[in-house]
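Reader: I'd like to go through the labels people put on a model and ask what backs each one up. Can we start with the metal site?

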Amino acid sequence: MKKLILLTISAFTIVVAAQTVDRRAFDPVPDKVVGAINGSAPSDAIVLFDGSNMDAWITAETEEAARWEIDGDAMTVRRGMSTIKTKQAFGDIQLHLEFRPTAVIEGEGQSRGNSGVFLHSLFEVQILDSWENPTYVNGQAGSVYLQYPPLVNAAQEPGEWQSYDIIFKAPVYDGRGNLSEPAYLTVLHNGVLVQNHVELKGATYTPMPEYGMRCVPYSQEREQDCSGKMPITLQDHGQVVSYRNIWVREL
Ligand code: MG
């Protein structure tokens, strides 16, 4: 009987001890960051474009100065101004950008307000005027081009400013050149979730989506090492699209 009581007391002590384990953490203390309030970039963001200049960008193919037009707080691509990329390369990021397909409707489908943002210069999140403009669904605004249609169509009317907030997890390669972790994307279009941590199947413009430590970034010709950080690319697809308020946070 004494043994049983002792056993019961021990078991009770263990249960109580388990319940009182202190699970609170006191470090590391998160850094203080002033958020994106009233359209400003967060205090720890790298500003890629705020209307003042295009110093963060170069022409993707030639690596010469970017030739897009600056007007007020926006920069605009027109046919022939060429795809641009950031001078800086990035790994995992949170990216914010605002874009505006022209209000002047000329083409249709893929020829209406088409541009795009390429994470790692390889994976395109489509920019398109998708306001009452049918096309294949994995090519409309908010799609991961030719891989995933958006969960909903959150497009605004042409001529209205829109936003993307993108969380990008870069692919990881092991020392032997094999893919150990694919890339992932989450996209909010005008604050609405359109891609929810989708696993990317590979680069957008290889014949079939594929990964490789050696790759040819979009709109470039030379093969290069793609296993590390890579620039962000914005597409010249021959239509008029403006951008403003572009910032990135490294994760
Ligand atoms: Mg495009």
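**Metal site and core**

Author: Sure. Along the sequence, the magnesium ion's donor residues follow the spacing N-S-x8-E-x1-Q-x108-Q. This is a predicted model, where local features need pLDDT of at least 70 and side-chain atom pairs count only at pLDDT 80 or more, while totals for chains, interfaces and linings use all residues. Residues are numbered from 1 along each chain as its sequence is written, and side-chain values use heavy atoms, with hydrogens and water left out.

Reader: What makes Asn-114 (OD1) and Gln-126 (OE1) donors of the magnesium ion?

Author: Donors are N, O and S atoms within 2.8 Å of the metal (3.2 Å for Na, K and Ca); water is not among the atoms, so sites may look incomplete. The protein donors, Asn-114 (OD1), Ser-115 (O), Glu-124 (OE), Gln-126 (OE1) and Gln-235 (OE1), lie 2.2 to 2.3 Å from the ion, so they qualify.

Reader: Why is Gln-126 called buried or exposed?

Author: Buried means under 20% relative accessible area, exposed over 50%, partly exposed in between (1.4 Å probe, protein chains only). Gln-126 has 1%, so it counts as buried. Asn-114 is buried too, also at 1%.

Reader: And how do you know which label fits Gln-140?

Author: Its relative accessible area is 14%, so Gln-140 is buried as well. Gln-140 sits in the loop between strand 8 and strand 9 (162-169); strands (E, at least two residues) are DSSP runs, numbered from the N terminus.

Reader: What does Gln-140 touch?

Author: With contact meaning heavy atoms within 4.5 Å, and residues up to four places away in sequence not counted, Gln-140 touches Gln-126, Leu-128, Ser-130, Thr-135, Pro-150 and Asn-153.

Terms used:
Helices (H or I, at least four residues) and strands (E, at least two) are DSSP runs, numbered from the N terminus.
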